[in-house]
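Open the model in your viewer and keep the sequence panel visible. The tour goes from the whole chain to single residues.

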Amino acid sequence: MSPAPITPAPSLRRRLACLFYESFLVFGLLMVAGFAHYALTRRSFEPGQATGASLVFLGVLAVYFSWCWSRGETLAMKTWYIGVRDARSGRPPAWPQALKRFAWSWLMFLPALAVSHLLALESQRRWIYIALLINLLVYALSSRWLPGRQYLHDRLAGTELVDLRQPPGVKA
């Protein structure tokens, strides 16, 4: 298999804008999943309560992202002309590789959530959000020092983000 052609990674600003847009889409998706969970179980989602909704939400996110990434992009990525591909072949990642990317992508959030839990900040949600934002920004900035300016979870999963905008002077 020939190596994937070298394509520059999207700028950090575009990746963060894409992530921000993706958060709105995911919020809507999780609202639908929450309504479906409630309709089936008659148990509302309450943080800290064992209703099973957290597992449902995690499953919905895993399926959504893995399915979209195995096709090369999510709706937000398509909007921002960002694609995801297998770093070796240049094709969209296979389903297992996309699922692996999803699992590794939790590195963006887990350190902040762990620190919040260890410091017992669950009652002070504002600090959890601040910790998550700081964690996300540090994680995103760390991509500047990784090869190809890729995120750590992309390196670990064997995937890469690519800029899908046409270079200047190239006609379709």
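Start with the whole protein chain in cartoon view: it holds seven helices and two strands. Followed along the sequence, these elements come in the order α-α-α-β-α-α-α-α-β. The chain has 172 residues, and 34% of them count as buried. If you switch on contacts between residues at least 6 apart in sequence, 69% of them join residues at least 24 apart.

Next, colour by confidence, since this is a predicted model. The average pLDDT of the protein chain is 87, and 88% of the residues reach at least 70. Select β1 for the highest confidence, with a mean of 97, then helix α5, residues 110–118, for the lowest, with a mean of 81.

**The largest pocket**

Turn on the surface and go to the largest pocket, which has a volume of about 2100 Å³. To centre the view, select L30, L61, W106, F109 and L132, which are the closest to the pocket centre among its 49 lining residues.

Which helices each supply at least two residues of this lining? Select α1 (12–41), α2 (53–69), α4, α5 and α6 (125–142) to show them. Then keep α1 alone on screen: it gives the largest share of the lining, 15 residues. Now colour the lining by residue type; 33 of its residues are nonpolar, 10 are polar and six are charged.

**H153 in helix α7**

Move to helix α7, residues 152–157, and select H153 within it. Is this side chain's residue buried or exposed? H153 has a relative accessible area of 2%, and the limit for buried is under 20%, so H153 is buried.

Show the residues around H153. Apart from neighbours within four places in sequence, H153 is in contact with R101, W104, S105, M108 and Y139. Of these, pick Y139 and display the distance between the two side chains: H153 and Y139 share a polar contact of 2.8 Å.

**S89 after β1**

Now select S89, in the loop that runs from β1 (82–86) to α4 (95–105). S89 lies in a loop, yet its relative accessible area is 18%, and S89 therefore counts as buried. Add R91 to the selection and look at its backbone nitrogen, which sits 3.2 Å from a polar atom of the S89 side chain.

**Two residues with positive phi**

The last two stops are for a backbone view. Select Y81, in the loop between α3 (75–79) and β1. Y81 is not a glycine, but its phi is positive, at about 55°. With a relative accessible area of 48%, Y81 is partly exposed.

Then go to R149, in the loop between α6 and α7. What is the phi of R149? It is positive, about 55°, and R149 is not a glycine either. The relative accessibility of R149 is 42%, which puts R149 in the partly exposed class.

To finish, put three selections on screen together: the lining of the largest pocket, with 15 residues from α1; H153 with its polar partner Y139; and the S89 side chain beside the backbone nitrogen of R91.

Note on methods
Residues numbered from 1 in each chain as written. Predicted model: local features only at pLDDT ≥ 70, side-chain atom pairs only at ≥ 80, totals over all residues. Heavy atoms only, no water. Helix = DSSP H or I, 4+ residues; strand = E, 2+ residues; numbered from the N terminus. Buried < 20%, exposed > 50% of the residue type's maximum accessible area, 1.4 Å probe, protein only. Polar contact = N/O pair within 3.5 Å; in protein donor to acceptor, adjacent residues only side chain to side chain. pLDDT = per-residue confidence, 0-100. Contact = heavy atoms within 4.5 Å. 1 Å grid on protein atoms, 1.4 Å probe; cavity = no way out; pocket = protein on both sides within 12 Å on 5 of 7 lines; lining within 4 Å. Points joined across faces, edges and corners; volume = space filled by probe spheres on them. Nonpolar A, V, L, I, M, F, W, Y, C, P; charged D, E, K, R; others polar.
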